[in-house]
Each structure stands twice: as structure tokens, then as C-alpha cells.
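New to this one? Here is a quick briefing to read alongside the sequence and the 3D view.

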Amino acid sequence: MVTHEHSAEDDSVAVDVVLLVAERTGVEPADLPPIEEAIDPDALDALFASARTSGTQRGYVEFTYYGHHVTVPLDGDRTITVVSEPAAAASDSGRSAP
């Protein structure tokens, strides 16, 4: 499991996810598939920004990207978590995880 604290207000949460998955897999970020194939990055960033400014949202967003389970909390906790999926789950998405 890899966790990362998203700290800069100007940074994209979607970009952080790509960087974390790249770190986890040892693959260059540019060699990963576009995150748009897994989730709408603008919507993800907007949800996180809204939670950060309002402080009233609770919950999280979960999705699979490049065979990894990603969790982004919306409750002001800035820790993004990336966990490897079992090989079967990665093949279900049409991709194989390293």
C-alpha cells in the first residue's frame, strides 16, 4: 500500500494519483494509460476542492486505475491511498498490472 498526503491547494488530485501509481509500479507516469480511462479527472479535482473549501462533505471516492485500487477521501483528510489489486481484478479491466 502507498499513501500520499495531497498538500498543495493548486495540485491536481488526479495527477497525484498517476504519480503514486507510477511510484508503486516502477513505471514512468507518461507510460501509464490516461487516467481518464478510469475516472473523470476534472470531476475528481472538483470534488476534492469542494471538500477542502466547504469542510462539510464526508465520504470518499474509490476507483481502479492500472490494476490498483485508489481511495481519495472527501472529508478533509488529504491522504490518497493506492493498493495493488489481485491479478484477476487487473485482467478484468483489460490491463495487467506489473
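A residue counts as buried when its relative accessible area is under 20%, as exposed when that value is over 50%, and as partly exposed in between. Keep those cut-offs handy, because Thr25, with a relative accessible area of 17%, lands on the buried side of them. One thing to know up front: what you're looking at is a predicted model.

**The big picture**

- The protein has three helices and four strands, and reading along the sequence you get the pattern β-α-α-β-β-β-α.
- Of the 98 residues in the protein, 36% are buried.
- The accessible surface adds up to about 5,400 Å², and carbon and sulfur atoms hold 48% of that.
- Take the contacts with a separation of 6 or more: 52% of them link residues 24 or more positions apart.

**Thr25, in helix 1**

- You'll find Thr25 in helix 1, which covers residues 13-25.
- The side chain of Thr25 has a polar atom 3.4 Å from the backbone nitrogen of Val27.

**How the strands line up**

- Strand 2 (residues 60-65) pairs with strand 3 in the antiparallel sense, and six bridges connect the two.
- Two facing pairs to look for here are Glu62 opposite Thr71 and Thr64 opposite His69.
- Two residues sit between the strands in the hairpin of strand 2 and strand 3, and Tyr66 there takes a positive phi near 50°.
- Strand 3 also runs antiparallel to strand 4 (residues 79-84), with four bridges joining them.
- On that side, His68 stands opposite Ser84.

**Covered or not?**

- Strand 3 (residues 68-73) is mostly covered, with five of its six residues buried.
- In a regular strand, side chains alternate between the two faces of the sheet.
- Strand 2 shows that alternation: Val61, Phe63 and Tyr65 point to one face and are buried, while Tyr60, Glu62 and Thr64 point to the other and are not.

**The nonpolar core**

- In soluble globular proteins, nonpolar side chains tend to be buried together.
- Here the largest nonpolar core has 22 residues, and the members touching the most others are Val17, Phe63, Tyr65 and Val72.
- Helix 1, helix 2 (41-54), strand 2, strand 3 and strand 4 are the elements that each give two or more residues to this core.
- Helix 1 gives the most, with seven residues.
- Which residues does Tyr65 contact, leaving aside its neighbours within four places in sequence? They are Val17, Val18, Val21, Leu32, Pro33, Pro34, Ile35, Ala38 and Val70.

**Ser84, in strand 4**

- Ser84 lies in strand 4, and with a relative accessible area of 35% Ser84 is partly exposed, because that value falls between the 20% and 50% cut-offs.
- Not counting residues up to four places away in sequence, Ser84 touches Arg24, Gly67 and His68.
- Ser84 and Arg24 are 60 residues apart in sequence, yet their C-alpha atoms are 8.4 Å apart in space.
- His68 turns up twice for Ser84, as a residue that Ser84 touches and as the one standing opposite Ser84.

Notes:
Residues numbered from 1 in each chain as written. Predicted model: local features only at pLDDT ≥ 70, side-chain atom pairs only at ≥ 80, totals over all residues. Heavy atoms only, no water. Buried < 20%, exposed > 50% of the residue type's maximum accessible area, 1.4 Å probe, protein only. Polar contact = N/O pair within 3.5 Å; in protein donor to acceptor, adjacent residues only side chain to side chain. Pairing = 2+ DSSP bridges. Core = buried A, V, L, I, M, F, W, Y, C linked by side-chain atoms within 4.5 Å. Contact = heavy atoms within 4.5 Å. Areas by Shrake-Rupley, 256 points an atom, 1.4 Å probe, with all protein chains shown as cover.
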